Amino acid sequence: MARTPKEAPIRVLIAKPGLDGHDRGAKVVARALRDAGMEVIYAGLRQTPEEIVRAALEEDVDIIGLSILSGAHMALFPKVLALLKKSNAAEIPVFAGGIIPDEDARRLKRAGIRAIFGPGSSLEEIVTTARKLARGPA
Amino acid sequence: MRQGAELPAAARAILDGDRRALAKVISQVENRDPAAEPISRALFPRTGRAPVVGFAGPLGVGKSSLINLLVGRLRALDRTVGVVAVDPSSPFSGGSVLGDRIRFERSASDTGVFFRSMASRGEPGGVAAATREVARLMDAAGFDVVLVETVGSGQVDLAIRDVASTSVVVLVPHLGDEVQTLKAGLFEIADVFCVNKSDLPGADLAQRDLRELVSLGVSRTGWAPTVVTTSTQPPRGIEELWQAIEAHERFLDASGQRRAEERRRLAVELVERAQELVGHDLTERLDRDPAMQTLLDRVAARAVDPQTAASRLRRRSSARR
């Protein structure tokens, strides 16, 4: 048996920016990613963009997932992207989930959010996309 | 600087306080990336300075919350802190949910703290294989104190004593009668007992049982473990907890036990690392050497017993070197 190092697990940060207190969706996704073999750093509720970016850098994650239901996505997501860029970490892909109107989703994707999952998205789709974003060429 | 020129760039960056470089090298160490080896080697002479304080105890006793408050206390004293928090990996998927960061409430702009979550990746004993090395990297990065939170452990998850200079065992009221405290395992490794959730009824009883345990005899090193009571909501006893930890650290210096304990821990580490190397070699030998495959066939046919075959495998492996 060759001494090939096992492929390192994908590290994901799951965080909820802003003030809404509903984290069931984030927990369901965290669990699905865990069951897909990923190491999920669960930062939980009420995170500021600064805290999220700091956690992403300290934890050296491959990908960031943001969950939001409060409607503040147009303010908070671009802030996270800007802080990543400022920290020379713009290469870390960010995906998002929550209640995000189609028009906003289009604008956020143009701003650099790599994938957006609304209600009814399948966990399989989320896991596959997360893996592709984390492993694939940026 | 004489040594500066020989240092690998990443090691230099870590010494210069580059947190991103630290985070990246920690990942390499966790992933057993050979690229980390020269970095660890270069930094090793600059380690062994920071106290490494381990926190063990059953899940849900409040280890993460205590560490959060202790970090606040240490920052108030102007001490910088590295935290490694280990949570279990799934034996089924290999994945994990690392949730200790939730309790962590430092301001995002405080550069005097570095928090890293870590999955145990199949390692028994409550810490990951790389935990010791990661604590060492934080030491090299200049943090004054390194705190290690183990996987919420059972009675025999004692690996923290081979990583930490001071081991804190965190308990809560109503974990059992005083005979539990006499049992082997978790109660034997404590330098400091911390009865958390001291606002709950029964805290005084738990504290009394532990004091009685301590009064029955000192530990191997001659240290009588301290018993402190704490609460995290609202915070209480955090200062006493830190003083108990510091008292043990001072004891290590005053008694000369620090060097003896460090030597013991390094001996454990050397054997662990050598075992891993030998294990790889033996597996490779068994897989690739036709004579060893024949030997395996003979074991399968019950013509040779496994113990005899193992001795031959080892002899052949060392003879071929």
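**Working chat: chains A and B**

Trainee: Quick one. Is K197(B) buried, partly exposed or exposed?

Mentor: K197(B) counts as partly exposed, because its relative accessibility is 31%. The cut-offs: buried is under 20% relative accessible area, exposed is over 50%, and partly exposed is in between, with a 1.4 Å probe and protein chains only.

Trainee: What am I looking at, and how is it numbered?

Mentor: This is a predicted model: local features need pLDDT of at least 70, side-chain atom pairs count only at pLDDT 80 or more, and totals for chains, interfaces and linings use all residues. Residues are numbered from 1 along each chain as its sequence is written, chains are lettered from A and ligands numbered from 1 in the order written, and side-chain values use heavy atoms, without hydrogens or water.

Trainee: Back to K197(B). Where does K197(B) sit, and what is its phi?

Mentor: K197(B) is in the loop between β7 (192–195) and α6 (203–215) of chain B. Its phi is near 55°, a positive value in a residue other than glycine. Helices (H or I, at least four residues) and strands (E, at least two) are DSSP runs, numbered from the N terminus.

Trainee: Why point out a positive phi?

Mentor: Because most residues other than glycine have a negative phi. N88(A) has a positive phi as well, near 55°. That residue lies in the loop between α3 (73–86) and β4 (94–98) of chain A. N88(A) counts as exposed, because its relative accessibility is 64%.

Trainee: Which peptide bond is cis?

Mentor: The one joining Q233(B) and P234(B), with omega about -5°. P234(B) lies in the loop between β9 (231–232) and β10 (235–236) of chain B. Most peptide bonds are trans.

Trainee: Give me chain B overall. How many helices and strands?

Mentor: Chain B has 10 helices and 10 strands. Its C-alpha atoms fill a box of roughly 65 × 55 × 40 Å along the principal axes. Of its 321 residues, 48% are buried.

Trainee: What share of chain B contacts comes from residues 24 or more positions apart?

Mentor: They account for 76% of the contacts with a separation of 6 or more. Contact means heavy atoms within 4.5 Å.

Trainee: New topic, the interface. How many residues does each chain put in?

Mentor: Chain A gives 30 residues and chain B gives 34. The buried area is about 2500 Å², with 47% from carbon and sulfur atoms. Buried area is the accessible area (1.4 Å probe) that two parts lose on being put together, summed over both.

Trainee: How many salt bridges cross the interface of chain A and chain B?

Mentor: The rule finds seven. It asks for a side-chain nitrogen of Lys or Arg within 4 Å of a carboxyl oxygen of Asp or Glu. Over all chains, the structure holds 36.

Trainee: Show me two that cross. Which partners do R101(B) and R116(B) have?

Mentor: R101(B) bridges to E58(A), with the closest N and O atoms 2.9 Å apart. R116(B) meets E59(A) at 3.9 Å, N to O. That pair runs from strand β4 (residues 113–119) of chain B to the loop between α2 (49–58) and β3 (63–68) of chain A. Both R116(B) and E59(A) are buried.

Trainee: And within chain B, what does E276(B) pair with?

Mentor: E276(B) pairs with R32(B), the closest N and O atoms being 2.4 Å apart. The two are 244 residues apart: E276(B) is in helix α8 (residues 257–288), and R32(B) is in the loop between α2 (19–30) and α3 (36–43) of chain B. E276(B) is partly exposed at 36%. R32(B) is partly exposed at 44%.

Trainee: Which residues are joined into one network by shared salt-bridge partners?

Mentor: R11(A), E39(A), R54(A), E58(A), E59(A), E30(B), R101(B), R116(B) and R121(B).

Trainee: How far apart along helix α1 of chain A are D35(A) and R31(A)?

Mentor: They are four residues apart, which means about one helical turn. Their side chains meet in a salt bridge at 3.5 Å, N to O. D35(A) is partly exposed at 41%.

Trainee: Last one. What does H22(A) touch?

Mentor: K16(A), L45(A) and L69(A), not counting residues up to four places away in sequence. The C-alpha atoms of H22(A) and L69(A) are separated by 7.3 Å, and the residues are 47 apart along the chain. H22(A) is in the loop between β1 (11–17) and α1 (24–35) of chain A. H22(A) counts as exposed, because its relative accessibility is 55%.
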